[in-house]
Amino acid sequence: MSETVSAERWTEVPLAPPDAIFKLTAAFKADTYPNKVNLGVGAYRDDNDKPWVLPVVKKATDILVKDPALDHEYLPITGLPEFTSAAARLIFGSDSPVIAEERVTSVQTISGTGANHLGALFLSRFYGWNDKRVYVSDPTWVNHHQIFPLAGIPVSTYPYYDPQTIGLAFGPFLETLKNAAPRSVFLLHACAHNPTGVDPTREQWGQIADVLLEKGHFAFFDCAYQGFASGDLDNDAWAVREFVRRNVPLLVCQSFAKNAGLYGERVGALHVVSPSKEAAVRIKSQLSVLARSEISNPPAHGARLVSLILNNSELFEEWKRDIRTMAGRIIDMRKELHRLLTEELKTPGNWDHIVNQIGMFSFTGISPAQSQALVEKAHIYLTANGRISMAGLNSHNIRYFAESLDKAVRGQL
């Protein structure tokens, strides 16, 4: 008698833990407490805690849907050319020599996450590794730890955040750069570091570039917040442009989720800077193969919206005003939180880091126990490491948050 072979029942598949941020958001939504506050998710909210569709996006959408030539055909594998070329000009500068010399390969991606993964996959296949690993900051965006191993690249960390100063651990960071094997890959946040809000100064960026050049390292830039950090698109692209000027080998992952408010449209790009036009052509051919195998063709709607905004001078100027609105409101929240903690509540400790940090996120410097107390007793949802989204604060809830934070620090929650 022959043995019976049973079909696969997937009984050995382990249950994966839920994503921490999405779990936090779900808990917030289920909470019925009237004064609850969500400071976990990295998405812009207006002063009434509502999602904000940028006025320029509404205008571009109206133009797009009324276009009689609009269709739903496939885009090229590497994306909408009008979008990718404009996106490259945005990050590198319209007068950048690497664009004029056609040394940039630009491919449309599924937002910044897709750009990170496609960039990782490309390096995994074609980079001349001495030590196949990527160095990411400690801490970094949690998804970096998922993306690179999926592409076959182990992850190591370099010191970045100093809990004693609630600032940049620049000395240890630089030492790791110097001690890493030649031609190592370092992932760098172009601006508004996630999750700390701590960025190197321009002088420090220069020293980082010095070591990268000396050691032959590769800079893997992740740029999710251009314009969102300072309100100035050019200012927030400074590090990338300076590295290009100094011929540091690099690529850039670019997202329009935050600065255009197009979270769900997944609009992004990967830009690889090459030493020659010929190399750029070869790189594009390989990126096309990788993109084809993963997504076949990128989605069109969001890319068409961003293309309209970037290529129309009137819409572009309106977009810059919208960016200043978002960045300005976040900066105002930083100033008000700092004022409440230092002047009114006189909360123990130094809170200058609140105004010294930049971008959507802030590392408050509080302990996991204090963070847990805020969640469980004050219904203020934030991550266990004390990171908050400044965009979740507004004129209606900032005093409640400041008073709750004060109580947590004093052990009175």
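When I call a residue buried, I mean that its relative accessible area is under 20%, with exposed meaning over 50% and partly exposed anything in between, using a 1.4 Å probe and protein chains only. What you have in front of you is a predicted model, in which local features need pLDDT of at least 70 and side-chain atom pairs count only at pLDDT 80 or more, while totals for chains, interfaces and linings use all residues. Residues are numbered from 1 along each chain as its sequence is written, and side-chain values use heavy atoms, with hydrogens and water left out.

Let me start with the sheet. Helices (H or I, at least four residues) and strands (E, at least two) are DSSP runs numbered from the N terminus, and two strands pair if DSSP finds at least two bridges between them. Seven strands make up an open sheet of mixed pairing, in the order β2-β10-β9-β8-β7-β3-β4. Its edge strands are β2 and β4 (155-159), each of which pairs on one side only.

At one edge, then, how is strand β2 placed, enclosed or open? Six of the seven residues of β2 (residues 104-110) are buried, so this strand is largely enclosed by the rest of the structure. Its partner is β10 (residues 267-273), and the two pair in the antiparallel sense over seven bridges, with serine 106 standing opposite histidine 271 in β10. At the other edge, β4 pairs with β3 (residues 134-138) in the parallel sense over five bridges, and there valine 134 stands opposite valine 155 in β4.

Now to the helices, where axes are lines fitted to C-alpha atoms, for helices over the stretch in contact, and angles run from 0 to 180 degrees between N-to-C directions. Helix α3 (residues 81-92) and helix α10 (residues 238-245) pack at an angle of about 90°, with their axes 8 Å apart. That makes α3 roughly perpendicular to α10, given that 65 to 115 degrees counts as roughly perpendicular, under 35 as roughly parallel, over 145 as roughly antiparallel and the rest as oblique. In this pair, Arg89, Leu90, Ile91 and Phe92 in α3 meet Val240, Arg241 and Val244 in α10, where contact means heavy atoms within 4.5 Å.

Finally, helix α13 (residues 313-344) packs with helix α16 (residues 398-410) at an angle of about 45°, their axes being 10 Å apart, which makes α13 oblique to α16. Among the residues that meet here are Met333 and Leu337 in α13, and Phe401 and Leu405 in α16.
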